[in-house]
Structure formats: C-alpha cells, structure tokens
Amino acid sequence: MGARIDGSRIDAVLAAAVGSGEVPHIAAIVADRDGVLYEGGAGVRVAGESDDPVTTATQFRIMSMTKMVATTVALQQVERGELDLSAPVADYLPEFADLQVLTGFDGDTPQYRAPASQATVHQLVTHTTGLGYWFWNADLVRWEAATGTPNVVPGTMAAFRAPLTADPGTSFVYGINTDWLGRVVETVAGTTLDRVVAEGVTGPLGMADTMFLLDEERKKDLVTVHVPGEGGGWTSAGEILNQSPEWFAGGHGLYSTPRDYVRFQRALLRGGELDGVRILREDTVDAAFSSQLGDIPFPEEIATADPATTDSFVTGPGWTWGHGLLINTVDVPGGRRAGTGAWAGLFNTHFFVDRTTGICASVYTNSLPFIARDGAWKTYVDVEQAVYASL
C-alpha cells in the first residue's frame with residue numbers, strides 16, 4: 001500500500017453530501033498498517049449555530065462502535081485467564097439468572113417463561129443470549145411502556161431488567177448484550193469500565209480523546225445530534241446521552257474522534273499491535289474476525305437487505321458475526337474483502353477494517369434517522385466505494 005491515496009473522490013462525496021442536505025456534517029479517515037492515508041471533513045459542528053468546521057479532530061458520539069472496544073477489554077481478560085467465555089453470565093452477575101423470556105402479553109400484562117438454558121459470556125459477545133434492542137423489537141417497546149422501564153440510553157440501572165426475547169444460543173438477536181458484558185468486565189476487574197478501557201485500550205494506544213464523559217474543553221469540539229428540520233435542512237437536538245449515568249455503557253457510551261478511533265482500527269488491522277504496543281494477541285484478533293455463531297444463522301432480513309428498496313443498513317449476502325464485529329464472508333465487488341470486520345453507531349458513525357486489502361476507514365456524522373434509504377447511510381456507502389476506487 002502506498003503512503004498516499006487520491007483523496008479527491010472522497011472529498012467530492014463529503015462535499016456533495018453536505019451540500020445536498022443528506023447529512024448536516026461529515027468527517028472521514030482512511031489508514032493502512034503504517035499510518036493515515038486520507039482525512040477530510042465537510043459541514044459545521046452545529047448546523048445553524050456554529051461556524052467551526054467538522055474535521056477528523058472533532059468529537060462524535062460513536063454509540064455502537066463502542067462495542068468492539070468493550071469486547072477488546074473482555075478479550076484481554078480472557079487472555080490473562082481472568083474471564084471464562086464459556087461460563088454462565090450469572091457466575092459473574094447473579095442477577096442475570098432472574099431474566100425471563102418474554103412470550104407475549106395478556107392485555108397489557110407481559111407474559112414470561114424461564115429460558116431453556118443459562119446464557120454464557122460468549123453468547124453476550126456474539127449477541128446470542130436473546131437480549132434485544134427496543135428499536136428493532138416492537139414487543140420490547142410494548143414491554144417498556146407496560147412496565148415503565150427505560151431502555152439503555154438514559155443510563156439507569158433499571159434498563160437491565162429488560163427480558164430475553166429468545167432462548168440463549170438459538171438465534172442472533174442484536175441487543176444490549178455488550179452493556180451486560182461491560183458489567184461482567186467490571187466485576188472481573190474490580191473497577192469501573194471507564195478505567196478498564198483507559199488502562200487496556202485508550203491509554204496504551206494514545207487515544208487521549210476517547211472517553212465515556214468528555215471534559216469541558218473537549219465538549220467545545222463536540223458535534224450535537226441533528227434531526228431533520230420541520231422546514232427542511234437540519235436542526236440540532238442537542239445532547240441525548242446522560243452526562244451522569246449510573247453505569248458506563250459498553251454497548252454505546254464512548255465519545256471519540258476519527259483520528260483517535262483510527263488508532264484502534266489500525267491496531268486491529270495489525271493483528272493487535274500498534275507502535276510497539278500490543279493490546280491483543282494475534283490469534284485473538286484472528287478469532288474476532290472469524291464467525292463465532294456456529295450453527296446459528298445470521299438473520300436473513302439483515303443479511304439480504306438492499307438500501308435501494310428497504311430501510312435496512314446491512315447490504316448483500318455473505319455476513320456473519322465475530323467477536324464484537326460484523327464479518328464479511330464474501331468479497332463485495334469494488335469494496336471490502338471477505339474477512340473484513342465492521343460495525344456502526346446509532347447516530348451514523350461507521351467503520352471497517354479490511355485485513356486482506358490492508359486498509360481501514362471510518363465515516364462520522366451525528367444525525368438521525370439511522371436507517372434510511374438516503375441520507376447518512378447512502379453517504380457512507382458512497383464514501384466506502386470512493387475509498388476503494390482511490391487506492
């Protein structure tokens with residue numbers, strides 16, 4: 001891989017996306033094993049309220065891109081012999097044994113049954129415990145309304161009362177698994193997740209701008225979450241995440257910058273090492289980038305969705321789940337190679353690590369909606385295609 005790429009295609013995509021109103025602002029970064037190949041941005045930090053441009057040093061809420069960081073510190077505990085992936089979750093957090101499977105409703109009263117087996121820590125890592133997310137499960141939305149229980153975004157411990165939606169080990173259900181995993185990590189470490197992440201990932205990799213709660217100085221460089229304005233364009237919805245949470249969310253809690261997070265991506269690209277610092281063994285990274293679902297199929301409605309005709313966000317055949325990552329099982333024409341690991345955040349941040357081609361990239365905006373035919377999802381696809389066309 002050369003030390004530089006032609007960034008003009010990517011620049012054009014970013015500028016067009018902001019100019020057309022598909023996104024309020026956007027930043028992108030591309031790197032290989034040796035360093036950053038491209039970085040750029042377009043738009044301003046707060047639409048209609050600020051003039052400061054978005055760059056790769058701007059702070060974003062990375063939401064579910066947090067999951068791979070939290071998974072990494074769990075895998076570090078596995079490497080040290082402190083955490084057993086095959087053990088029941090309840091061995092570390094006894095309250096997990098109280099969770100039941102939601103089977104339906106009698107009027108407004110939720111109905112439950114006991115799970116057929118105990119969920120394991122490995123099933124937390126692979127989203128196969130049966131725990132779901134409200135935004136993909138109408139029954140969980142109804143359950144929250146019926147019980148008055150909040151989802152995980154408000155940051156209260158009550159969110160951990162949410163039931164299973166399937167028996168452990170029977171299906172891939174994307175949900176609050178990594179939030180529970182973060183609490184397992186805390187139990188093993190005897191300290192809070194923010195400290196574990198700082199000691200295991202962000203500190204060693206020099207990611208000084210990645211954290212669960214920003215200080216006042218960094219907040220000055222933070223974008224706000226944007227939503228479509230009533231009269232068109234974009235309007236700021238301000239801060240959505242709780243700034244005094246009762247727990248640190250391994251599933252969605254981190255803030256970061258493109259320049260910071262790409263150091264984590266490069267460490268994965270290099271088999272767990274960056275600048276002489278190793279955060280994971282190479283065989284651990286290899287396993288993370290391999291299917292961990294066994295006989296459990298990846299959901300067809302996600303794996304075969306087409307953003308041209310649906311509102312889903314994962315396109316094309318050939319996907320599975322590893323440790324904290326969506327994994328390509330086939331080459332994408334003109335794009336990622338089989339074995340690429342990737343994921344995204346609810347406020348439209350996206351990243352991938354293509355270990356075959358030897359590049360990684362990420363695209364950042366903070367806007368809603370997440371799943372849409374146009375807007376941020378289309379822009380991300382356009383940027384990824386421009387990256388590969390520019391190599």
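Below are legends for a set of close-up views of this predicted model.

**Figure 1. Helix H8, mostly covered.** This view takes in residues 258–269 of the predicted model, the run that makes up H8. With 12 residues at 1.5 Å a residue, the helix should span 16 Å, and its end C-alpha atoms are indeed 16 Å apart, so the two values agree. Burial is the main thing to look at here: 10 of the 12 residues are buried. Those are Pro-258, Asp-260, Tyr-261, Val-262, Phe-264, Gln-265, Arg-266, Ala-267, Leu-268 and Leu-269, so the list takes in Asp-260 and Arg-266 along with Val-262 and Leu-268. Just past the helix, Gly-271 takes a positive phi of about 80°.

**Figure 2. Gln-265 and its contacts.** Is Gln-265, a residue of helix H8, buried or exposed? Its relative accessibility is 0%, so Gln-265 counts as buried. Neighbours within four places in sequence aside, Gln-265 is in contact with Phe-351, Phe-352 and Val-353, and also with Cys-360, Ala-361 and Ser-362.

**Figure 3. Tyr-261 in the largest nonpolar core.** In general, nonpolar side chains in soluble globular proteins tend to be buried together. The largest nonpolar core here has 90 residues, and the members touching the most others are Phe-96, Trp-180, Tyr-261 and Phe-264. Which helix gives the most to this core? That would be H8, with 6 residues. Zoom in on Tyr-261 and, leaving out residues up to four places away in sequence, you'll find it touching Ile-62, Met-65, Met-68, Val-69, Met-207, Ser-256, Phe-351 and Tyr-364. Another core, of 24 residues, lies apart from the largest one; Ile-5, Val-13, Ala-342 and Trp-377 are among its members.

**Figure 4. Helix H2 and what packs against it.** H2 covers residues 66–79, and its 14 residues reach 20 Å from first C-alpha to last, close to the 20 Å expected at 1.5 Å a residue. How many of its residues are buried? The count is 12 of 14, so H2 is mostly covered. The buried set runs through Thr-66, Lys-67, Met-68, Val-69, Ala-70, Thr-71, Thr-72, Val-73, Ala-74, Leu-75, Gln-76 and Gln-77. These buried residues pack against H3 (121–126), H5, H6 (193–202), H8, H9 (282–288) and strand E13. Just after the helix, Gly-81 takes a positive phi of about 80°.

**Figure 5. Two edge-to-face aromatic pairs.** A ring pair is described by the distance of the centres and the angle of the planes. The structure holds 20 aromatic pairs. In one of them, Phe-160 and Trp-180 meet edge-to-face, 5.0 Å centre to centre with 80° between the planes. Phe-160 is in the loop between H4 (138–147) and H5 (177–189) while Trp-180 is in H5, so the pair ties together parts 20 residues apart in sequence. Both Phe-160 and Trp-180 are buried. Tyr-174 and Trp-343 also form an edge-to-face pair, at 5.0 Å centre to centre and 70° between the planes. This one links distant parts of the chain: Tyr-174 sits in the loop between H4 and H5, Trp-343 in strand E13 (residues 341–345), and they are 169 residues apart. Tyr-174 and Trp-343 are both buried too.

**Figure 6. An aromatic cluster, plus two charges over rings.** Ring pairs link Tyr-133, Trp-134, Phe-135, Trp-136, Phe-172, Tyr-174, Phe-298, Trp-321 and Trp-343 into a cluster. Then there are the arginines: the charged end of Arg-142 sits over the ring of Phe-105, 4.1 Å from its centre. Arg-355 lies over the face of Phe-289, at 5.0 Å from the ring centre.

**Figure 7. The hairpin of E6 and E7.** Strands E6 (residues 225–228) and E7 (residues 234–238) run antiparallel and are joined by 4 bridges. Val-227 stands opposite Thr-235 in E7. The hairpin has 5 residues between the strands, and Gly-232 takes a positive phi near 100°. Pro-228 belongs to strand E6 and has a relative accessible area of 48%, so it counts as partly exposed. Among residues more than four places away in sequence, Pro-228 touches Gly-233, Trp-234, Thr-235, Leu-368 and Pro-369. The C-alpha atoms of Pro-228 and Pro-369 are 8.4 Å apart in space, though the two residues are 141 residues apart in sequence.

Conventions. Residues are numbered from 1 along each chain as its sequence is written. Side-chain values use heavy atoms; hydrogens and water are left out. Helices (H or I, at least four residues) and strands (E, at least two) are DSSP runs, numbered from the N terminus. The expected span of a helix is 1.5 Å times one less than its number of residues. Buried means under 20% relative accessible area, exposed over 50%, partly exposed in between (1.4 Å probe, protein chains only). Two strands pair if DSSP finds at least two bridges between them. Rings of Phe, Tyr and Trp (its six-membered ring) pair if their centres lie within 6.5 Å; planes under 30 degrees apart count as stacked, over 60 as edge-to-face and the rest as tilted. A charge sits over a ring if NZ of Lys or CZ of Arg is within 6 Å of the ring centre and within 35 degrees of the ring normal. A nonpolar core is a set of buried Ala, Val, Leu, Ile, Met, Phe, Trp, Tyr and Cys residues joined through side-chain atoms within 4.5 Å. Contact means heavy atoms within 4.5 Å.
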